[in-house]
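Please open the structure in your viewer and keep the selection tool at hand. We will go from stop to stop, picking out a few residues each time.

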Amino acid sequence: MYSDPINSREGTATTPATVSLVVPARNEARNIPWVFEQIPTCVDEVILVDGDSSDATVPMAQHCLPTVRHVRQSGPGKGNALRTGFLAATGDFVVMMDADGSMSPSEIPHFLHFLENGYDFVKGSRFVAGGGSLDITPLRRMGNHVLLATANRLYHASLTDLCYGFCAFRRSFLDLLDLHASGFEIEAEMTVHALRSGLRIAEVPSLELPRRSGRSNLHAISDGRRVLRTLLSEHASPRPADRRPAPNAS
């Protein structure tokens, strides 16, 4: 559990903030052990969202972590999996990360540090000092650069990374994030909605590792187009009303 100073400013008593980790997975049985063995003790619950895996993803997760909560996503796509996991989460803070071994759970405390010190939405970035990628291809790097420049221009932001799904946020803002995306573009949708809603956003350095085994479900060109459509359509839509809860909301 984490002590959240935002929730204790009006008194001396502090209720520890709980942490939920949402991990979408499809046929990741060979990667799950490496990921789960590194989950830090500050995580209170782990939610595995299974996308109809045909391998031993679910029993492997239960073997590695008997307390894991397993939920089945209600439709296809990473976005659907994450939305399913977010709705199942009970923690004050929600962290999302992939199950392929490309993101290290040991970085989670860095995300939580910013949440407990006043930020609402925390993004991992491969392109700030201390971050990096051992996996990104020239095509993906170029695509991310173009999409990032588009997002920064449209939304008057100064982000350093966009298409990277290692994020954390206060669960009390889930309704405000208003997520609908079904695919990989959900990462951009979350960031755009956080920007437009006035949430306090922080970027933390993150090292993207190579997928440990298996093939990625990411399709750079088609998924990049979906991200671009998301950026453009969200910019054209009416700005949401400021419904942000008071700072001491849990």
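Let's begin at a single side chain: select Glu203, which is partly exposed, with a relative accessible area of 21%. Keep in mind that you are looking at a predicted model. Now add Lys123, which forms a salt bridge with Glu203, with 3.5 Å between the closest N and O atoms. Lys123 sits in strand S7 (residues 121-125) and Glu203 in strand S10, so their pairing ties together parts that lie 80 residues apart in sequence. Is Lys123 buried or exposed? It counts as buried, because its relative accessibility is 1%.

**The sheet**

Next, colour the strands that make up the open sheet. Seven of them follow one another in the order S5-S4-S3-S6-S9-S7-S10, with mixed pairing. Strand S5 (69-72) and strand S10 (201-205) are at the edges; each has a single partner strand, so one side of each has no neighbour in the sheet. From one strand to the next, the twist averages 20 degrees.

Zoom in on strand S3 (residues 19-25) and strand S4 (residues 45-50), which pair in the parallel sense over six bridges. Within that pair, pick Ala25 and you will find Asp50 of S4 opposite. Then bring in helix H2 (residues 57-64), which packs on the sheet and touches S3, S4 and S5. The direction of H2 makes about 170 degrees with that of S4.

**Salt bridges**

There are 14 salt bridges to look for. For one of them, select Arg72 and Asp52, whose side chains meet at 3.7 Å, N to O. Arg72 belongs to strand S5 and Asp52 to the loop between S4 and H2, so this pair ties together parts that are 20 residues apart in sequence. Arg72 counts as exposed, because its relative accessibility is 56%.

Now move to Asp161 and Arg126, where the salt bridge spans 2.8 Å, N to O. Asp161 is in the loop between H5 and strand S9 (167-170), while Arg126 is in the loop between S7 and strand S8 (132-133), 35 residues away along the chain. Both ends of this bridge are buried: Asp161 has a relative accessible area of 0%, and Arg126 has 4%. Which residues share a network of salt bridges with Arg126 and Asp161? Add Asp135, Arg140 and Glu208 to your selection, and the network is complete.

**A proline in a loop**

Select Pro210, in the loop between strand S11 (207-208) and H8. Pro210 is partly exposed, with a relative accessible area of 37%. Show what surrounds this proline: leaving aside neighbours within four places in sequence, Pro210 is in contact with Gly101, Ser102, Leu134 and Asp135. Try the distance tool on Leu134 and Pro210: their C-alpha atoms are 5.9 Å apart, although 76 residues separate them along the chain.

**A patch on the surface**

Turn on the surface and select Leu139, Met142, Val146 and Ile221, which make a nonpolar patch of about 390 Å². Helix H5 (residues 138-155) gives the most to this patch, with three residues. Ile221 is in helix H8 (residues 220-236), and at 53% relative accessibility it counts as exposed.

**The whole view**

Finally, zoom out to see the eight helices and eleven strands of the protein. Of its 250 residues, 52% are buried. The accessible surface comes to about 11,700 Å², and 53% of that belongs to carbon and sulfur atoms.

How values were computed: Residues numbered from 1 in each chain as written. Predicted model: local features only at pLDDT ≥ 70, side-chain atom pairs only at ≥ 80, totals over all residues. Heavy atoms only, no water. Pairing = 2+ DSSP bridges. Helix = DSSP H or I, 4+ residues; strand = E, 2+ residues; numbered from the N terminus. Axes fitted to C-alpha atoms, helices over the stretch in contact; angles between N-to-C directions. Contact = heavy atoms within 4.5 Å. Patch = residues over 30% accessible without salt bridge, like charges linked within 9 Å, V, L, I, M, F, W, Y side chains within 5 Å. Areas by Shrake-Rupley, 256 points an atom, 1.4 Å probe, with all protein chains shown as cover. Salt bridge = Lys/Arg side-chain N within 4 Å of Asp/Glu carboxyl O. Buried < 20%, exposed > 50% of the residue type's maximum accessible area, 1.4 Å probe, protein only.
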